Amino acid sequence: MRRAALLTAVAVFATACGSGDTTTVIGRADSGKLTIGIRYDQPGMSQRRLDGRYVGFDVDVAKYVANELGVKEGGITFKEARGAARESMLENGEADLIIASYSITDARKEKVAFAGPYFETGQGMLVRYTEEAVQGPETLNGRKLCSVKGSTSAQKVKSDYSKNVQLVEYGQYSDCVIALMAGNVDAVSTDEVILAGFAAENPELLKLVGKTFSKERYGIGVPKGDAESRDAVNEAIEKMISSGEWKRALERNVGPSGYEIPQPPQITEKS
């Protein structure tokens with residue numbers, strides 16, 4: 001009887017310590033497992049290779065943050081988070097965190113919480129290597145511009161720079177790049193760091209043009225209302241930066257494209 005009572009007490013104590021809490025991300029991390037939404041098609045940032053491996057800066061950030069929350073690499077389930085699905089994945093519980101070149105915007109903050117930012121970049125333009133007429137967002141009137149569904153990039157060009165641009169949307173950036181190389185669109189616009197990866201993969205076919213024309217702050221998406229987990233994720237980001245691993249991860253994944261490694265951002269999304 002005493003042994004049974006002792007075992008019961010141990011179980012109650014373990015539950016009280018948080019291992020049974022599944023209402024927060026850090027509570028679910030106690031199980032040693034997390035599901036993290038990432039992109040599958042962004043060279044240098046987040047990519048699923050043919051051999052099934054996940055590589056890129058966002059992937060390294062995901063692994064670092066998960067480890068700080070107590071989840072080893074083997075306990076991470078990566079799930080594809082396309083642009084238009086990122087909010088719903090958090091709202092429906094399909095993912096615990098979203099780390100997918102996820103720009104912090106007021107509209108998105110209505111549905112999800114953000115930790116970070118962990119990276120800052122600007123919107124850029126990718127064109128065919130032989131293209132001379134397109135030199136920036138203001139030169140796209142009457143031309144076809146590609147971006148992905150759920151992204152604000154193409155709409156910004158249309159509203160602020162070239163009102164007569166024809167917008168073409170695909171599900172993934174890789175689809176836009178294929179369309180660009182095939183001559184079906186005239187340019188692709190999204191964050192420059194993403195475009196730099198595609199240009200590095202096809203240096204004889206593609207190039208970046210013009211200057212960046214926006215400021216994009218990448219945050220880690222957390223379910224709305226989970227302030228405790230957001231605080232823990234912010235601490236992990238700050239530790240990754242201060243330890244030097246943030247810069248090493250960028251140099252390893254993004255540096256080969258020639259993209260200039262920026263200074264780390266300041267954490268602004270706090271509870």
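Student: Which residues of helix H3 are the buried ones?

Tutor: In this predicted model, they are Phe57, Asp58, Val59, Asp60, Val61, Ala62, Tyr64, Val65 and Ala66.

Student: What makes H3 "mostly covered"?

Tutor: Count them up: nine of the twelve residues in H3 are buried, and a residue gets that label when its relative accessible area is under 20%.

Student: How do you know that the span of H3 is close to what is expected for a helix?

Tutor: The rule is 1.5 Å times one less than the number of residues. H3 runs over residues 57–68 and has twelve residues, for which 16 Å is expected, and its first and last C-alpha atoms are 17 Å apart. Just past the end of H3, Gly70 has a positive phi of about 100°.

Student: Why is the pair Cys146 and Cys176 called a disulfide?

Tutor: The cut-off is 2.5 Å between the two sulfur atoms. Those of Cys146 and Cys176 are 2.1 Å apart, and the pair is listed as a disulfide. A disulfide is a covalent bond between the sulfur atoms of two cysteines. A search through the whole structure turns up one disulfide.

Student: Which handedness does the link of Cys146 and Cys176 have?

Tutor: Left-handed, with -75° about the S-S bond.

Student: What does the Cys146–Cys176 pair tie together?

Tutor: Cys146 sits in strand E9 (residues 144–148) and Cys176 in helix H7 (residues 173–181), so the pair links parts that lie 30 residues apart in sequence. Both cysteines, Cys146 and Cys176, are buried.

Student: Why are H9 and H10 called roughly perpendicular?

Tutor: Helix H9 (residues 227–243) and helix H10 (residues 245–253) pack at an angle of about 75°, and their axes are 4 Å apart. The window for the label is 65 to 115 degrees, so H9 and H10 are roughly perpendicular to each other.

Student: Which residues bring H9 and H10 together?

Tutor: From H9 there are Met240, Ile241 and Ser243, and they meet Glu245, Trp246, Arg248 and Ala249 of H10. Sorted by class, that contact has four nonpolar, one polar and two charged residues.

Student: How do you know whether Trp246 in H10 is buried or exposed?

Tutor: Trp246 has 3% relative accessibility. Set that against the limit of under 20%, and Trp246 counts as buried.

Student: What is Trp246 in contact with, beyond its neighbours within four places in sequence?

Tutor: The list is Phe57, Tyr118, Phe119, Met240, Ile241, Pro262, Gln263, Pro264 and Pro265. Contact here asks for heavy atoms within 4.5 Å. The C-alpha atoms of Trp246 and Val61 are separated by 7.7 Å, with their places 185 residues apart along the chain.

Student: What makes Lys33 count as exposed?

Tutor: Lys33 comes out at 60% relative accessibility, and the label asks for over 50%, so Lys33 is exposed. Lys33 belongs to the loop between helix H2 (25–29) and strand E1 (34–38).

Student: Which residues does Lys33 contact outside its neighbours within four places in sequence?

Tutor: Those are Arg28, Val71 and Gly75. As for Lys72, 39 residues away along the chain from Lys33, the C-alpha separation of the two is 7.9 Å.

Student: How do you know whether Ala84 is buried or exposed?

Tutor: Same kind of reasoning. Ala84 has a relative accessible area of 55%, set against a cut-off of over 50%, so Ala84 is exposed. Ala84 is in the loop between strand E5 (76–80) and helix H4 (86–91), and among residues over four places away in sequence it touches Lys149 and Gly150.

Student: What about Ser153: buried or exposed?

Tutor: Buried: the relative accessible area of Ser153 is 5%, against a limit of under 20%. Ser153 is part of helix H6 (residues 153–160). Leaving out residues up to four places away in sequence, Ser153 touches Gln123, Ser147, Ser189 and Thr190.

Student: What is there to say about the phi of Ser101?

Tutor: Phi of Ser101 is near 40°, which is positive in a residue other than glycine. Ser101 is in the loop between strand E6 (97–98) and helix H5 (106–109), and with a relative accessible area of 6% Ser101 is buried.

Student: Where does a cis peptide bond turn up?

Tutor: Between Gly116 and Pro117, where omega is about 5°. Pro117 has its place in strand E7 (residues 112–121).

Conventions
Residues numbered from 1 in each chain as written. Predicted model: local features only at pLDDT ≥ 70, side-chain atom pairs only at ≥ 80, totals over all residues. Heavy atoms only, no water. Helix = DSSP H or I, 4+ residues; strand = E, 2+ residues; numbered from the N terminus. Buried < 20%, exposed > 50% of the residue type's maximum accessible area, 1.4 Å probe, protein only. Axes fitted to C-alpha atoms, helices over the stretch in contact; angles between N-to-C directions. Parallel < 35°, antiparallel > 145°, perpendicular 65-115°, else oblique. Nonpolar A, V, L, I, M, F, W, Y, C, P; charged D, E, K, R; others polar.
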